[in-house]
Amino acid sequence: MTRSELEHILRAAGAITDDREIVVIGSQSILGQFPDAPIALLASMEADVYPRGDPGRSDLIDGGIGEGSPFHERFGYYAQGVDERTATLPRGWQARLVPINNQNTGGVTGLCLEVHDLAISKYVAGRPKDLAFTEALAQHGLTRRPTLQGRLRGVSLPAALRAIVAARIGRDFPGSSRGVRPA
């Protein structure tokens, strides 16, 4: 999905839900902070979104511009209506949302996850596609290990899952462990 395609989804979701603010919490929220994100991060043809004012209206998004809809068939991309509980996010994530608002959004503001908040949600989900996404974020220099470690401290997780997420972060940043000094 491209930035202009996400802007189209925001415009359509705003019209369908009669909400001027649409939150983007899936992988395509990368396009808020990085409009020209590397192609490896843009593989998904869906945007996970919900209307900020009334998340319960997400079902209207699924019905109007969701998977298998005429919108999807015509444009080749679609929106999935979700809510803020869909992703596990660190404390304070709402204050770090990255806005998209321009003539292409038709007066609707898209509110996209900041890249480290997005990465934490993907590390927690832990599906192969999520871990490929976080690896690409790290490889392209879009995330920083210390910031991720700080955000991880702001997530309520069972100890075992917290350890797994910490290990996943470590795998994406080999050679940058604390206490290791360059030769």
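This short talk walks through a few local features of one predicted model, beginning with a helix and its neighbours and ending with some residues near the start of the chain.

Let me start with helix H5. This helix is mostly covered, since ten of its eleven residues are buried. The buried ones are Val-115, His-116, Asp-117, Leu-118, Ala-119, Ile-120, Ser-121, Lys-122, Tyr-123 and Val-124, and you will notice that charged residues such as Asp-117 and Lys-122 are included in that list. What do these buried residues pack against? Their partners are H2, helix H6, which covers 128-139, helix H7, which covers 145-153, and H8.

Of those partners, I would like to look more carefully at H8. Helix H5, made of residues 115-125, and helix H8, made of residues 159-172, pack at an angle of about 115°, and their axes are 9 Å apart. The way in which H5 passes H8 is a right-handed crossing. On the H5 side, the residues that make the contact are Ile-120, Tyr-123 and Val-124, while H8 contributes Leu-161, Val-165, Arg-168, Ile-169 and Asp-172. If we sort the residues of this contact by class, we find six nonpolar residues, no polar ones and two charged ones. Before we leave H5, please find Lys-122 once more, because it is buried at under 20% relative accessible area. Lys-122 also lies over the face of Phe-133, at 5.8 Å from the ring centre.

Now let us turn to the aromatic rings. A pair of aromatic rings is described by the distance of the centres and the angle of the planes. The structure holds three aromatic pairs, and I will describe two of them, beginning with Phe-71 and Phe-75. Is this pair stacked, edge-to-face or tilted? The ring centres are 4.9 Å apart and the planes stand at 55°, so the pair is tilted, given that an angle has to be under 30 degrees to count as stacked and over 60 to count as edge-to-face. Both residues lie in helix H4, which runs over residues 70-75, and they are four residues apart, about one turn of the helix. Phe-71 has a relative accessibility of 10% and therefore counts as buried, whereas Phe-75, at 33%, counts as partly exposed. Phe-75 also forms a tilted pair with Tyr-77, with 5.9 Å from centre to centre and 35° between the planes. Tyr-77 is buried, because its relative accessible area is 6%. Taken together, ring pairs link Phe-71, Phe-75 and Tyr-77 into a cluster.

Tyr-77 leads us to Met-45, which touches Tyr-77 as well as Met-1, Glu-5, Gly-76 and Tyr-78, if we do not count residues up to four places away in sequence. Met-45 has its place in the loop between helix H2, residues 30-33, and strand E2, residues 46-51. With a relative accessible area of 34%, Met-45 is partly exposed.

Finally, let us visit helix H1 and the loop that follows. Ile-16 lies in helix H1 and is partly exposed, with a relative accessible area of 27%. Leaving aside neighbours within four places in sequence, Ile-16 is in contact with Arg-57, Leu-60, Ile-61, Gly-64 and Ile-65.

In the loop between H1 and E1 we find Asp-18, which at 68% relative accessibility counts as exposed. What is the phi of Asp-18? The angle is near 55°, a positive value in a residue other than glycine. Most residues other than glycine have a negative phi, which is why such a value deserves a mention.

Arg-20 lies in that loop too, between helix H1, residues 3-17, and strand E1, residues 21-24. Arg-20 counts as partly exposed, at 42% relative accessibility. Which residues does Arg-20 contact, leaving aside neighbours within four places in sequence? They are Gly-14, Ala-15, Gly-106, Gly-107, Val-108 and Thr-109. In addition, the C-alpha atoms of Arg-20 and Gly-110 are separated by 8.4 Å, although these residues are 90 apart along the chain.

How values were computed. Residues are numbered from 1 along each chain as its sequence is written. This is a predicted model: local features need pLDDT of at least 70, side-chain atom pairs count only at pLDDT 80 or more; totals for chains, interfaces and linings use all residues. Side-chain values use heavy atoms; hydrogens and water are left out. Axes are lines fitted to C-alpha atoms, for helices over the stretch in contact, and angles run from 0 to 180 degrees between N-to-C directions. Helices (H or I, at least four residues) and strands (E, at least two) are DSSP runs, numbered from the N terminus. A crossing is left-handed if the near helix is turned anticlockwise from the far one by less than a right angle, and right-handed if clockwise. Contact means heavy atoms within 4.5 Å. Rings of Phe, Tyr and Trp (its six-membered ring) pair if their centres lie within 6.5 Å; planes under 30 degrees apart count as stacked, over 60 as edge-to-face and the rest as tilted. Buried means under 20% relative accessible area, exposed over 50%, partly exposed in between (1.4 Å probe, protein chains only). A charge sits over a ring if NZ of Lys or CZ of Arg is within 6 Å of the ring centre and within 35 degrees of the ring normal.
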